[in-house]
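Here is a walk through one protein chain. Keep the fold in view while reading.

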Amino acid sequence: MLSKALLRLGASAARHPWRVIAAWLIAATLAVLAAIAFGGRTADSMTAPGLDSQRAAELIERAGTGQEGMTAQVVVTPLDGGATFFDHGSARTALTRLQTEVKRLPHVLGTSDPAGALDAGGDTAVRGGLVSADGRIAVVRVQYPDQSRLSAEDLDALVDLDDRLRAELPLRIEMGGNLFYAFSDPDGGASELIGLLAAAAILFLAFGSLVAAALPIGMAVFGLTLGVATMTVLAGVTEVPTFAPVLGSMVGLGVGIDYALFVLARHREYLACGLDPRAAAGRAVATAGRPVVFAGGTVVVSILGLAVANVPFMTVGGVAVSIVVLTMVLASVTLLPAFLGAAGPRLGRAGRIGRALRAGRSGRLGRRRDTAAGAVPAAGWRRWLGHVGRHPVPYAVGAAALLLTATLPVLGLRVGLPDDGSLPQSRTERRAYDLVAEGFGPGTNGPLVIAADPTGDPGVLDRLVGAVAADPGIASVAPTHIDRATGIATLVVFPTTSPQDKATADTIARLRTDVLPTAIGHGPAKAHVGGAAASLSDVGQRTSQRLPVFVAAVLAMSFLLLMPVFRSILVPLKAVLLNLLSIGAAYGIMVAVFQWGWGGALIGLEATVPIVSFIPMFLFAILFGLSMDYEVFLLSRVREEYLRTGDNGTAIVEGVSRTARIITSAALIMVAVFLSFAVAEDPSTKMFGLGLATAIFIDATVVRMVLVPATMTLLGRTNWWLPKWLDRMLPRGPVGTDDTDVESTGEAPRARLVDR
């Protein structure tokens, strides 16, 4: 039985705390050393099997043109604000020297030559996108090999050259390109620290003890170190996307501290009942540890369900984040009880400041009073829940209407990838983006690469170039490059609109469905549209197509998992629907903030952006798993009270009020951690942070404290209806928060959760 195994595990860790702590310290150290020795860097391969952009990438790789590798661009303009032009004098000399110096950098395969483009004539220069029509802005495009042969040192070398030449040349120099995207340090460090500090403050207010507040933080830091180091080792074996460490840190901190909070709260309850600290730790793991294991497993299974999208980088990203979550679950049932055993009886009492904060508050936990939990809050929750129970219809209708209204903006959701134009002005990538858009048009920041195999039709390339150049969405076409060995041709074309503009996606679709088929005809030749903008557009379409299937699979899985837990049909059905409602509201708020700009300035968003294509699916997987945490903790207590009293109304009031304060504290911690990432520079990180924080806030307030009690009151005893034939078929041993068996603990349980 799970509870007996957890009881033995927790009690053993509490009896031998320093052995367990030393084992975790050794494991974390070995993981860090392995990450240093064998780990790899994160990489973004925004492709998927069967996509047109993937076929284009395969043709380009066959041709060996080098265009499949990493790129950077150095954008320059004279320091005098445009009075000098690049077609003569010192500016021309400085431009030539800049291009020469960049070409000498390690691993650089080649660079464009804007000075040579000027010699070839004005029209050629403009078409090549190397020097602006007015001669004031020039671009040096830098070609690197595949990312596997590069490292952060290559980016450092380019940046160092920039710093040196700024002092020597009369040029304003800015830089961008996917080399920066691949090797710039991801957002996270400062956000993690802010999140930890906020969580520590909330824990201190919840428990009134510095020791009690420090233990969940310490456990989370241990778990995060081990989890992220393991993720780095995984990156040495396969491509782990760049967002995975940030998302893993975000989710890991949130769930780790939350899981520790639930176990710690139950441990203090048992201390208040007079149990020995080691016995209390064992019982806390045996009771609160079961929903921790179940909730963590639900999060992991939901995230691993991302494989249904058939987008490899999302699948690997899900595996990487799951590693962190599993590490936090393991820490909650081994490392935390070791901390509890080492802390001894000190956790059963609040410190001087905590006692002052809670002066006059006392409450019944089990059979004794515990000043750390407080009956005044419990009494307040009882009054609120009694009020909702007396007016369930208006509260249920009002809360549902509020969430449905918040969900409405989802109808206008547009997926894509924010370009460098959405970064703050403090970043050189943003300044380079603005210069390129000013000199050449916004589409130059996101060129498309058309790969064509003209086999059997030598005249197809001329028709192809003419048809593409005539499309209203294309501003210019660079000279065609033909590989002599394979005959494969590549055309770099520049749209009239920016990479994140919806019109660019429309242009890509039009090229594929109309322009290219017309130019190629029915012959053996073939052509495909690739490039970063096309790849991201393709991934967005695939995830949008697979999202309904994924959502249906997660909903069905959650319903089937919860049904044997609560021995009910309506309770898991209601849980699934309410979770869906809270996630929909979070999606709607994200659309309002990022696409419409409502309140964007509050999180440092400088321009409206589309929702990153893979974020809705990732958010759904994570949020559905996290919302099940609260569902299991809360409804397990409600069911416990229902089986003890047989009265649905009493069970709702007692069950919710006994968990409300812990759930509220846990939600505040998660919201604080997630919001600390919402102020990061990268828009993708902002979306993850704001989306997760919004959904958790809605789930722990409107859903858990209004909709759940209101709907359960309306359903009455029907909440626990389960056909007898189905009851016989379902497995026994529900995962709840009730006490363990008498034989396991040696003490009569307070309220056992048994089958009816």
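The text moves from the whole chain to one sheet, then to a helix pair and two loop residues.

Start with the chain as a whole. This is a predicted model. The chain has 28 helices and 13 strands. It holds 756 residues, and 59% of them count as buried. Now take the contacts between residues at least 6 apart in sequence. Of these, 80% join residues at least 24 apart.

Next, find the sheet. In which order do its 4 strands lie? The order is β2-β3-β1-β4. The sheet is open, and its pairing is antiparallel. Strands β2 (110-111) and β4 (171-176) stand at the edges. Each edge strand has a single partner, so one side of each is left without a neighbour in the sheet. Two helices also pack on this sheet. Helix α4, residues 89-103, touches β1, β2, β3 and β4. The direction of α4 makes about 10° with that of β3. That angle is under 35 degrees, so α4 counts as roughly parallel to β3. Helix α19, residues 428-440, touches β1, β3 and β4. The direction of α19 makes about 105° with that of β4. Here the angle falls within 65 to 115, so the two count as roughly perpendicular.

Look at the pairings in detail. Strand β1 (residues 71-78) and strand β3 (residues 138-143) run antiparallel and share 6 bridges. Thr71 has Gln143 of β3 as its bridge partner. Gln73 stands opposite Arg141 in β3. On the other flank, β2 and β3 are joined by 2 bridges, again in the antiparallel sense. Which residue of β3 is the bridge partner of Gly110? The partner is Gln143. Gln143 is thus a bridge partner of both Thr71 and Gly110. How much of β3 is covered? Of its 6 residues, 5 are buried, so the strand is mostly covered under the cut-off of 20% relative accessible area.

Leave the sheet for a pair of helices. Two packed helices are described by the angle between their axes and the distance between the axes. For α11 (residues 243-272) and α26 (residues 683-715), the axes come within 11 Å. The axes cross at roughly 25°. That makes α11 roughly parallel to α26. The crossing is right-handed. Which residues meet there? From α11 come Phe243, Val246, Leu247, Met250 and Val251. From α26 come Thr685, Phe688, Gly689 and Leu692. The residues of this contact divide into 7 nonpolar and 2 polar, with no charged ones. Thr685 and Gly689 count as polar because Gly and other residues outside the nonpolar and charged lists are placed there.

Finish with two backbone details. Most residues other than glycine have a negative phi. His107 has a positive value, near 70°. His107 lies in the loop between α4 and β2. Is His107 buried or partly exposed? At 42% relative accessibility, His107 counts as partly exposed. Asn310 also has a positive phi, near 55°. The place of Asn310 is the loop between α13 (289-304) and α14 (312-333). Asn310 has a relative accessible area of 34%, so it is partly exposed.

Methods: Residues are numbered from 1 along each chain as its sequence is written. This is a predicted model: local features need pLDDT of at least 70, side-chain atom pairs count only at pLDDT 80 or more; totals for chains, interfaces and linings use all residues. Side-chain values use heavy atoms; hydrogens and water are left out. Axes are lines fitted to C-alpha atoms, for helices over the stretch in contact, and angles run from 0 to 180 degrees between N-to-C directions. Angles under 35 degrees count as roughly parallel, over 145 as roughly antiparallel, 65 to 115 as roughly perpendicular and the rest as oblique. A crossing is left-handed if the near helix is turned anticlockwise from the far one by less than a right angle, and right-handed if clockwise. Contact means heavy atoms within 4.5 Å. Two strands pair if DSSP finds at least two bridges between them. Buried means under 20% relative accessible area, exposed over 50%, partly exposed in between (1.4 Å probe, protein chains only).
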